[in-house]
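Student: I am new to this structure and would like a close look at how its helices pack and how its aromatic rings pair. Please take me through that part in one connected answer.

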Amino acid sequence: MAPRTETDWVSRFADEVIAEAERHAPGKPIVCASGLSPSGPIHLGNLREVMTPHLVADEIRRRGHECVHLISWDDYDRFRKVPAGIDPSWSEHIGKPLTSVPAPPGSEHPNWAEHFKAELITALAELGVEYRGVSQTQQYTSGAYREQILLAMRERKAIDAVLDRYRTKQKPAAPKKQQKPVDAEELAAAEGSGAAAEDDGSGTGGAYYPYKPYCGRCEKDLTTVTAYDDATTELTYTCACGHTETVLLREYDRGKLVWKVDWPMRWAYEGVTFEPSGVDHSSPGSSFVVGGQIVREVFGGRQPIGPMYAFVGISGMAKMSSSRGGVPTPADALEIMEAPLLRWLYTRRKPNQSFKVAFDQEIQRTYDEWDALERRIADGTAQPADVAAYDRSVRTAAGELPRTPRPLPYRTLASVVDVTQGSPEQTLRILSELDPERPVTALDQTRPRLNRAAHWVSTQVPADQRTRVRTSPDTELLASLDEGEREALRLLLDGLDTHWSLDGLTTLVYGVPKVRAGLAPDAKPTPELKAAQRAFFALLYRLLVGRDTGPRLPTLLLAVGADRVRKLLSA
């Protein structure tokens, strides 16, 4: 069990969920749930929909309770729009279930939904997320929800009355189930009007029906129910394609409940005790608010404990929305960071706190924070909440996640890969010299972190920012140096042999300006001294890599090698 603390949000929710389950469903497995629509790339914002219940379910399991985490694949949702980068001809499939839409060109998967589910399934396995997937296509087309559909149709007036409490005289937004998290502009509109912005089945122009058939001819949901008989379950619908059909709903399995009825139906059907939702589902008149009444008044169930979760952003990018192409996915993140670190980003923040996932230079700072936390935990100075977040990041109830045996600083690994252009031989040479007392003897000791840093350098660092060490001395610059600059270079070169390690070179490069100023190498920096250090560092960068900045100088010097450093810095 992870250490418990008043500031540990996971433990607090686990307490609530266990108490709620014991009151209403004693002896039964506790159910936590997530819902994901594979309508496009399932991005890092959507991952919060998974990680929040995963962490709570995992804590419940750690305490010895049986707990199931359901991930409901909303693959029977309509295909709403063609994402950026996909052949526009796919617009002919708009309105079909996602599982009836062909996969994107070149995909090995049988349909659109399976294509976008596959990448996340692999990522969740790497993240240690244990769950049971539920395909809504399978549930609806198998007739699993038949009795619930018939009940909703019998109780359509009661459902309509609940929904009517939240409707306004303003024109409602186009019916749809919004992605989580919703686009900021859409959210502002929904909150500003107080109207139900998600599909509730209204707007048909006649009687209210909470069920939407998929057309038997074109397979699309461009249909309108025109008649329904409760006694016989005979339903008649027309479609925009011109098709009209009368079916027996007790036998018909090509359609689904509208979202604002579908979600509470599932709460009751699955016995869900905990399910978070995005800000868009918690605004006035939205599905979580309305669903709480529908689940009680129609389906005889209970609304789950449902914390609202905030947006997840990306460093240097606008807030993510899966309605736009090119948004980073969990798989993208796992190519540049280890699974425990990605878990930590979602664990250390309460669900209602927004945060960013770094794909730019900020990832180095994120790794520095992670490594500093590990050091505080090792020496017993970490705060209880930080210890709990760390524990939930590196292990689950099922066991520990794979980790790097020798976790060298990410920024150091990135710098080494950058300077060596990924050469294994040169990389090993440099890493073996970082700490002479504990030399790295094989690159596998630094993996997978080394691989993640290498991928970050190759995909996220622009070519014009890559480090290219000079092949010959800058004789013009060397000839222009004044005596003070020449003395600084001599002090550096004289100290290379005795300081040839990462820590030693750090002391040396910061110490040269101190010695020149008549101070001890360990003297505290003054504003004047800091200015002298910056000038010295800029000179070294210009002589080594031809620009004013670059990787951390101690790492750069190790990467260049002592002989080459002497060649490039000798006036």
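Tutor: What follows goes from the whole chain to two helix contacts, then to the aromatic rings and one buried helix.

The model is a predicted one. The protein holds 22 helices and 14 strands. Of its 571 residues, 53% are buried. Among contacts between residues at least 6 apart in sequence, 71% join residues at least 24 apart.

Two packed helices are described by the angle between their axes and the distance between the axes. Take helix H18 (residues 483–495) and helix H19 (residues 502–516): their axes are 10 Å apart, and the helices pack at an angle of about 135°. An angle over 145 degrees would count as roughly antiparallel, and 65 to 115 as roughly perpendicular; H18 and H19 are therefore oblique to each other. Their crossing is right-handed. On the H18 side the contact is made by Gly484, Glu487, Ala488, Leu491, Leu492 and Gly495, and on the H19 side by Leu508, Val509, Val512, Val515 and Arg516. Sorted by class, this contact of H18 with H19 has seven nonpolar, two polar and two charged residues.

The second contact is between helix H14 (residues 410–420) and helix H21 (residues 553–560). Their axes come within 9 Å and cross at roughly 40°. Angles under 35 degrees count as roughly parallel, and H14 and H21 are therefore oblique to each other. The crossing of H14 and H21 is right-handed. From H14, Thr412, Ser415, Val416 and Val419 meet Thr555, Leu556 and Ala559 of H21. The contact of H14 with H21 divides into four nonpolar residues, three polar and no charged.

Now the rings. Counting rings whose centres lie within 6.5 Å as a pair, the total comes to 20 aromatic pairs. In one of them, the ring centres of Trp9 and Phe13 are 6.2 Å apart and the planes stand at 75°, so the pair is edge-to-face. Both residues belong to helix H1 (residues 9–24), where, being four residues apart, they are separated by about one helical turn. An α-helix has 3.6 residues a turn, so residues three or four places apart point the same way. Buried means under 20% relative accessible area. Trp9 is buried, at 3%, and Phe13 counts as buried too, at 17%.

Another pair is formed by Trp267 and Phe288, with 5.5 Å from centre to centre and 70° between the planes, which is again edge-to-face. Trp267 lies in helix H8 (residues 259–270) and Phe288 in helix H9 (residues 287–297), so this pair ties together parts that are 21 residues apart in sequence. Trp267 is buried, with a relative accessible area of 2%. Phe288 is buried as well, with 12%. Elsewhere, ring pairs link five tyrosines into a cluster: Tyr76, Tyr140, Tyr145, Tyr214 and Tyr269.

Last comes helix H11 (residues 339–347). Nine of its nine residues are buried, so H11 is largely enclosed by the rest of the structure. These buried residues are Ala339, Pro340, Leu341, Leu342, Arg343, Trp344, Leu345, Tyr346 and Thr347.

Terms used: Residues numbered from 1 in each chain as written. Predicted model: local features only at pLDDT ≥ 70, side-chain atom pairs only at ≥ 80, totals over all residues. Heavy atoms only, no water. Axes fitted to C-alpha atoms, helices over the stretch in contact; angles between N-to-C directions. Helix = DSSP H or I, 4+ residues; strand = E, 2+ residues; numbered from the N terminus. Left-handed = near helix turned anticlockwise from the far one by under 90°. Contact = heavy atoms within 4.5 Å. Nonpolar A, V, L, I, M, F, W, Y, C, P; charged D, E, K, R; others polar. Phe/Tyr/Trp six-rings, centres within 6.5 Å; stacked < 30°, edge-to-face > 60°. Buried < 20%, exposed > 50% of the residue type's maximum accessible area, 1.4 Å probe, protein only.
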